[in-house]
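Me: I would like to go through the assignments in this model one by one, asking each time what criterion stands behind the label.

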Amino acid sequence: MERLLAKYKDEDTKNLRKSGSEEEYTELQQLLEDITAYHLDMQDTVLEQKSKKASAERDRLRGIEMRQAAMESMKKRKKAVEDFEDDTDEAGNYEVEDDNDDDYIPLPPPGPEKKARVMQGRSSKKSAIEYLMWKQEQKASIKDRELDLKQQELEFQKAKYQEGKEEREHRQEMNRLEMEEKRTFLEILKNKRKDN
């Protein structure tokens, strides 16, 4: 079948070059053309399937690598936590080994700055909790400041409204007095006309 299709393609290109236009198709030629198109479509489909399989395999391998890296990182963190717990005594004091003998020197619990230096490169549940507590305090502080600003803004708007209210009341009173004055003036004019 491959030979038949190859022969058809060669003849088709030769005829196209000779005449400059396509010749009339016989039924055999039409069938060969259909088979050629179908064959090309199948090759494209096979290539797409291979590409999808290769992509899925690459994704699967990347997933495996990521899991392995995560597991190694977890092992390192777990070891660091165990080392940290080994470096503290029951009272929570940090211990530093002395090079001269196997005894250790208990240190007082460090402040936040010293603790960061002592635990540099290590992570533990305790440090994670302290970090989360610190972060929560920061968020609460920011929220408090935002609330204070909103309160100040509200008070400013109240004062502005109060000033505007007093000004509006003053204008209304002036308008009322002006209207009353006009009414009085009109009544006086009416009374004068009646008298005349």
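Me: What makes the contact between the side chains of Glu173 and Arg176 a salt bridge?
Reply: A salt bridge is defined as a side-chain nitrogen of Lys or Arg within 4 Å of a carboxyl oxygen of Asp or Glu, and because the N to O distance between Arg176 and Glu173 is 2.3 Å, the pair satisfies that criterion. This is a predicted model, in which local features need pLDDT (the predictor's confidence in each residue, from 0 to 100) of at least 70 and side-chain atom pairs count only at 80 or more, while totals for chains, interfaces and linings use all residues. Residues are numbered from 1 along each chain as its sequence is written, and side-chain values use heavy atoms, with hydrogens and water left out.

Me: Where do Glu173 and Arg176 lie, and what else is linked with them in a network?
Reply: Both lie in helix H4, three residues apart, about one turn of the helix, where a helix is a DSSP run of H or I with at least four residues, and a strand a run of E with at least two, numbered from the N terminus. Glu180 joins Glu173 and Arg176 in a network of salt bridges.

Me: Why is Glu173 called partly exposed?
Reply: Buried means under 20% relative accessible area and exposed over 50%, with partly exposed in between (1.4 Å probe, protein chains only); Glu173, at 35%, therefore counts as partly exposed. Arg176 has a relative accessible area of 41%, so that residue is partly exposed too.

Me: How do you know that Leu132 is exposed?
Reply: Leu132, in helix H4, has 54% relative accessibility and therefore counts as exposed.

Me: Which residues of helix H2 meet in a salt bridge at 2.7 Å?
Reply: The side chains of Arg60 and Glu57 do so, N to O, and both residues lie in helix H2 (residues 27-86), three residues apart. Arg60 is partly exposed because its relative accessible area is 44%, and Glu57 is likewise partly exposed, with 34%.

Me: Which elements of the protein chain have the lowest and the highest mean pLDDT?
Reply: Strand S2 (residues 104-107) has the lowest, at 45, and helix H4 (residues 125-195) the highest, at 90. Over residues 94-108 the pLDDT is below 50, although this stretch has 25 contacts in the model beyond near neighbours in sequence, a contact being heavy atoms within 4.5 Å. Where pLDDT is low, the predicted coordinates should not be read in detail.
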